[in-house]
Amino acid sequence: MIKNGHHATSDQQDDAGRKPGGSVCSPEKRKRVVRLWCDGCYDMVHYGHSNQLRQAKAMGDYLIVGVHTDAEISKHKGPPVFTQEERYKMVRAIKWVDEMVEGAPYVTTLETLDKYNCDFCVHGDDITLTVDGKDTYEEVKREGRYRECKRTQGVSTTDLVGRMLLMTKAHHSNMDNPDYQQHTDNFGKGPKGHSPWTGVSQFLQTSQKIIQFASGKEPQPGDTIIYVAGAFDLFHIGHVDFLEMVYKQAERPYVIVGLHFDQEVNRYKGKNYPIMNIHERTLSVLACRYVSEVVIGAPYAVGKDLLDHFKVDLVCHGKTEVFPDKDMSDPYAEPKKRGLFRTIDSGNNLTTDDIVQRIIENRLQFEARNQKKEAKEMAVIEAMKRKEQQEQSEGADQEAH
């Protein structure tokens with residue numbers, strides 16, 4: 001399995017029990033492993049979820065992720081896009097996850113943390129509410145066993161669903177396009193106010209974010225370098241099953257994924273594809289434990305230069321259609337000529353198109369679900385504001401006396 005590149009905190013030691021500074025810790029200290037708990041729906045897993053798990057893992061040593069059942073999500077939020085089995089598999093494929101618990105309770109309790117021997121739980125700085133509007137982390141917060149990590153700006157499941165329902169190219173050609181703005185403002189929004197957690201903001205890629213997601217692992221002598229290319233749009237369970245099968249093609253695989261630029265994807269896929277831009281797709285793919293490296297904006301034709309540069313041993317493609325290059329040539333002609341090409345049957349034929357269809361078929365349900373979520377969040381924000389004002393006025397009264 002690919003070694004995850006996460007930085008040691010001051011309490012973590014290397015195998016010899018040394019702190020990063022070099023001093024040797026006591027045997028008791030050395031044995032101490034900080035175990036963390038995260039939970040959620042993890043529906044339509046995107047790089048925002050992965051970033052939350054990456055940040056959580058950096059707070060300790062061993063990360064356990066609990067995933068809710070379809071029934072629990074339907075009760076508290078509305079119907080999920082993916083089935084629980086699909087969601088379980090997606091979370092297992094994120095490289096910062098050490099263990100995955102199926103059917104985790106929707107409300108996080110001390111009992112759950114103790115059951116899995118976890119020191120504390122980690123959640124993003126948005127609020128998760130039960131069906132009756134209560135904070136699902138209330139108990140663990142009260143007992144001081146809660147840590148927070150920053151929410152990733154510019155992505156949410158709500159926004160991605162909105163992009164699919166819109167079905168125009170506005171989301172990656174011009175975020176200020178009035179059609180897109182109006183749509184995102186209307187999508188799943190109640191008439192009054194906007195929740196900062198359900199709202200939409202633009203994702204801005206940085207080199208630091210790519211470094212945080214990348215494994216930083218170079219190919220070693222004896223590794224089999226496997227190259228795959230595609231859009232990998234709305235990174236989903238079909239992609240995970242394919243990459244897992246690719247990973248299994250060798251004893252010591254080093255999997256390189258070539259991602260095509262947005263314009264290239266739009267050329268061969270049409271409609272408003274890709275739903276996610278190149279920056280978003282890069283992070284989504286880098287978060288997968290079967291991937292060692294990503295080529296951002298890979299050439300469409302897998303030619304001599306690319307094969308020689310990366311010293312590729314094997315080129316794989318799934319059972320999906322291979323679209324010809326602009327000059328109508330086969331983009332895999334060179335690897336086929338060299339005997340390096342292999343077609344992989346992952347047993348999963350789910351495509352990004354299928355997911356968009358699921359969303360469109362359930363459009364009204366999703367819009368109702370997001371309006372309900374927005375209304376609950378706004379109620380909590382109002383209550384928080386009132387509480388803050390009350391505390392301020394009480395403080396002012398005390399000063400006056």
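K337 is exposed in this predicted model, because its relative accessibility is 67%, and a residue counts as exposed when that value is over 50%. Its salt-bridge partner is E334, with N and O 3.5 Å apart. E334 has a relative accessible area of 17%, and buried means under 20%, so E334 counts as buried. The pair therefore joins a buried residue to an exposed one.

Both E334 and K337 belong to helix α15, where three residues, or about one turn of the helix, separate them. A general rule helps here. An α-helix has 3.6 residues a turn, so residues three or four places apart point the same way. Side chains of opposite charge can pair when their charged atoms come close. E334 and K337 also take part in a wider arrangement: together with K304, D308 and R338 they form one network of salt bridges that share partners.

The structure holds 22 salt bridges. Some of them link parts of the chain that are distant in sequence. K326 and E264 form one such bridge, with their closest N and O atoms 3.4 Å apart. K326 sits in the loop between β9 and α15, while E264 is in helix α12 (residues 262-269), and the two are 62 residues apart. K326 is exposed because its relative accessible area is 60%, whereas E264, at 14%, is buried.

A second bridge involves the loop between β9 and α15 and helix α12. Here D325 meets R267, and the N to O distance is 3.9 Å. Because D325 is in the loop and R267 is in the helix, this pair ties together parts that lie 58 residues apart in sequence. D325 has a relative accessible area of 15% and is buried. R267, with 33%, is partly exposed.

The next stop is strand β9, which covers residues 314-317. Which way do the residues of this strand point? L314 and C316 point one way, V315 and H317 point the other way, and all of them are buried. The general background is that in a regular strand the side chains alternate between the two faces of the sheet.

Strand β9 pairs with strand β6 (residues 224-230), to which it runs parallel and is joined by two bridges. In this pairing, Y227 has V315 of β9 as its bridge partner. Strand β9 also pairs with strand β10 (residues 341-343), again in the parallel sense, over three bridges. There, T343 of β10 stands opposite H317.

Another parallel pairing is found between strand β1 (residues 35-40) and strand β2, with six bridges. One of the contacts can be named: W37 has I64 in β2 as its bridge partner. Strand β2 runs over residues 62-67, and five of its six residues are buried, so the rest of the structure largely encloses this strand.

Helix α3 (residues 70-76) contains I73. The relative accessible area of I73 is 1%, so I73 is buried. The C-alpha atoms of I73 and C41 are 6.8 Å apart in space, although 32 residues separate the two in sequence.

Two other helices are covered along their whole length. In helix α2 (residues 47-57), 11 of 11 residues are buried. Among them are charged residues, including R54 and K57, along with others such as Y47, G48 and L53. Helix α7 (residues 157-166) has 10 of its 10 residues buried, so the rest of the structure largely encloses it. The buried residues of α7 include T157, D159, R163 and L166.

The last stop is on the surface, at a patch of negative charge. Which residues gather in this patch? They are E388, E391, E394 and D397. E394 is found in helix α17, which spans residues 363-400. With a relative accessibility of 41%, E394 counts as partly exposed, because this value falls between the 20% limit for buried and the 50% limit for exposed.

Conventions:
Residues are numbered from 1 along each chain as its sequence is written. This is a predicted model: local features need pLDDT of at least 70, side-chain atom pairs count only at pLDDT 80 or more; totals for chains, interfaces and linings use all residues. Side-chain values use heavy atoms; hydrogens and water are left out. Patches are made of residues with over 30% relative accessible area and no salt bridge: like charges are joined within 9 Å, nonpolar side chains (Val, Leu, Ile, Met, Phe, Trp, Tyr) within 5 Å. Accessible areas come from the Shrake-Rupley method with a 1.4 Å probe; for residues, only the protein chains shown count as cover. A salt bridge is a side-chain nitrogen of Lys or Arg within 4 Å of a carboxyl oxygen of Asp or Glu. Lys and Arg count as positive and Asp and Glu as negative; His and the chain ends are not counted. The place of a charge is taken as NZ of Lys, CZ of Arg, CG of Asp or CD of Glu. Helices (H or I, at least four residues) and strands (E, at least two) are DSSP runs, numbered from the N terminus. Buried means under 20% relative accessible area, exposed over 50%, partly exposed in between (1.4 Å probe, protein chains only). Two strands pair if DSSP finds at least two bridges between them.
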